[in-house]
Amino acid sequence: MRAITIPQPGGPDALVWAEVPDPEPGPGEVIVDVRASGVNRADLLQRKGHYPPPAGAPAYPGLECSGVISAIGPDVSGWVVGQEVCALLAGGGYAERVAVPAGQLLPVPAGVDLVDAAALPEVACTVWSNVVRVARLSAGDTLLVHGGGSGIGTFAIQFGVALGATVLVTARAAKHARLKELGAAHTIDYREQDFVEEVRQATGGHGADVVLDIMGGSYLGRNIEALATGGRLVVIGLQGGASAELNLGALLSKRASVAATTLRARPLAEKAEIVRGVRDEVWPLVETGAIQPVVDRRLPMSDAAEAHRRVEANDHLGKVLLTVG
């Protein structure tokens, strides 16, 4: 089979579409013939040599895919050859075939195209596990989403609205109209506006009950300023740096909390639990149309370098997908 390999870390042209050995299903695994794989910022970090896959994961990038089951290993039940699925991966999605732990499989939601389904697993699992399990977002809350035009952001807007929250987002001005169509109540141009002041005005001084942050260090202090009393900040990315000074006094005065999570390196059992939660609580929202995959564009897998350039430039809105066949 063919897969995107990284012979040497570097820029987008470090990605090479090459022949590699076929995967074999181990106990508890299935083989998925890949139709599409979503591009995530973690893939860009891996390409640069900064985010190696966990032990035992394929060396190829790709944290989610959609496709068709072509083989089933021992100790797997509930799935059949020929079934259309999408999957959360620890790696290996940039390939023609990938071995997937059965606990990380999801059926393609009714009404969703098989290729577009590749845009869902990573964002759904990330947003649900953080916004619901960690931050306890509920109806009537205000959710601030940084990076509203990303795959995470476009999903989080729709999910927050479906839960009955008011959603505020930061994003480039060119993306605001589309984000409002997805349900954002207030859009903030992070390059021209102070998001703390914008949140304060939009909420009548209340602040954000939940902040979903991709920036990390550079936004830490201002995120705490933007929180409501009892607010919850969840950090899921470090695009603005890995460290910053934390004003515990400000945190104490608001009786607020800060959490930081990753998904890729979690044990299989934890990932399977998250996938079950997504299937039970998120998939019904997708199947009713309350949440739709937002796809910026589809590119052939052999054009992975171009996909990485687009994501790296932050020119995309939603997910960029790499297709096979």
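The expected span of a helix is 1.5 Å times one less than its number of residues. The views below come from a predicted model.

**View 1. Helix α8 reaches close to its expected span.** This helix has 14 residues. From its first C-alpha to its last, α8 covers 20 Å, against 20 Å expected at 1.5 Å a residue. Six of its residues to find here are Lys 271, Ala 272, Ile 274, Val 275, Gly 277 and Val 278, which are buried. The buried residues of α8 pack against two strands, β5 and β7 (105-107), and two helices, α2 and α9.

**View 2. The largest nonpolar core holds 45 residues.** Val 127, Phe 155, Phe 159, Leu 212, Val 278, Val 282 and Trp 283 have the most contacts inside this core. At least two residues each come from β5 (84-88), β8 (142-145), β9 (166-171) and β11 (208-213). The same holds for α2 (121-134), α3 (151-162), α8 (268-281) and α9 (283-287). Helix α2 gives the most, with six residues. Another core lies apart from this one. That other core has 27 residues, including Leu 44, Ile 69, Leu 299 and Ala 307.

**View 3. Trp 283 and its contacts beyond four places in sequence.** Trp 283 touches Cys 86. Its contacts also include Leu 106, Pro 107, Val 108 and Pro 109. Leu 120, Ala 124 and Val 278 complete the list. Trp 283 is also among the residues with the most contacts inside the largest nonpolar core.

**View 4. Helices α2 and α3 pack at an angle of about 55°.** Their axes are 9 Å apart. That angle makes α2 oblique to α3. The crossing of α2 past α3 is right-handed. From α2, the contact uses Val 123, Ala 124, Thr 126, Val 127, Trp 128, Val 131 and Val 132. From α3 come Gly 151, Ile 152, Phe 155, Ala 156 and Phe 159.

**View 5. Asp 75 has a positive phi.** Most residues other than glycine have a negative phi. In Asp 75, which is not glycine, phi is near 65°. Asp 75 sits in the loop between β4 (64-72) and β5. Is Asp 75 buried or exposed? Asp 75 is exposed, because its relative accessible area is 72% and exposed means over 50%.

**View 6. Asn 314 also has a positive phi.** The value is about 60°, although Asn 314 is not a glycine. Look for Asn 314 in the loop between α10 (304-312) and β15 (319-323).

Key
Residues are numbered from 1 along each chain as its sequence is written. This is a predicted model: local features need pLDDT of at least 70, side-chain atom pairs count only at pLDDT 80 or more; totals for chains, interfaces and linings use all residues. Side-chain values use heavy atoms; hydrogens and water are left out. A nonpolar core is a set of buried Ala, Val, Leu, Ile, Met, Phe, Trp, Tyr and Cys residues joined through side-chain atoms within 4.5 Å. Buried means under 20% relative accessible area, exposed over 50%, partly exposed in between (1.4 Å probe, protein chains only). Helices (H or I, at least four residues) and strands (E, at least two) are DSSP runs, numbered from the N terminus. Contact means heavy atoms within 4.5 Å. Axes are lines fitted to C-alpha atoms, for helices over the stretch in contact, and angles run from 0 to 180 degrees between N-to-C directions. Angles under 35 degrees count as roughly parallel, over 145 as roughly antiparallel, 65 to 115 as roughly perpendicular and the rest as oblique. A crossing is left-handed if the near helix is turned anticlockwise from the far one by less than a right angle, and right-handed if clockwise.
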